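Here are some remarks for a colleague reading this entry alongside its sequence and coordinates. They concern helix packing and aromatic contacts.

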Amino acid sequence: MDLIRIILSVIIPPLGVFLQVGFGKHFWLNILLTILGYIPGLVHAVYIVARK
């Protein structure tokens, strides 16, 4: 399941974070980072998914 989350995080970073933590502070932070730039949102999403 983590592989699917990582793939979704690469395609749509907020979706991967949402599947991992739901509508928490990390989700909204990832939305903000993705709006500011795709790469920061991607790095944050992969970190959140791989952290567990």
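Against which helices do the buried residues of helix 4 pack?

1. The model is predicted, and the remarks that follow should be read with that in mind. The buried residues of helix 4 pack against helix 1 (2-11), helix 2 (13-21) and helix 3 (25-36).

2. The residues of helix 4 that count as buried are Gly41, Leu42, His44, Ala45, Ile48 and Val49. Helix 4 itself runs over residues 38-51, which makes 14 residues, and the distance from its first C-alpha to its last is 20 Å, close to the 20 Å expected at 1.5 Å a residue.

3. Turning to the aromatic side chains, the structure holds five aromatic pairs. One of them joins Phe18 and Phe23 in a tilted arrangement, with 4.8 Å centre to centre and 55° between the planes. Phe18 counts as partly exposed, at 31% relative accessibility, whereas Phe23, with a relative accessible area of 60%, is exposed.

4. Another pair is made by Phe27 and Trp28, whose rings are edge-to-face at 5.0 Å centre to centre, with 75° between the planes. Here a buried residue meets an exposed one: Phe27 has a relative accessible area of 9% and is therefore buried, while Trp28, at 51% relative accessibility, counts as exposed because the cut-off for that class is over 50%.

5. The two pairs described above should be read together, since Phe18, Phe23, Phe27 and Trp28 form one aromatic cluster. Within that cluster, the burial classes run from buried for Phe27, through partly exposed for Phe18, to exposed for Phe23 and Trp28.

Methods
Residues numbered from 1 in each chain as written. Predicted model: local features only at pLDDT ≥ 70, side-chain atom pairs only at ≥ 80, totals over all residues. Heavy atoms only, no water. Helix = DSSP H or I, 4+ residues; strand = E, 2+ residues; numbered from the N terminus. Expected span 1.5 Å × (residues − 1). Buried < 20%, exposed > 50% of the residue type's maximum accessible area, 1.4 Å probe, protein only. Contact = heavy atoms within 4.5 Å. Phe/Tyr/Trp six-rings, centres within 6.5 Å; stacked < 30°, edge-to-face > 60°.
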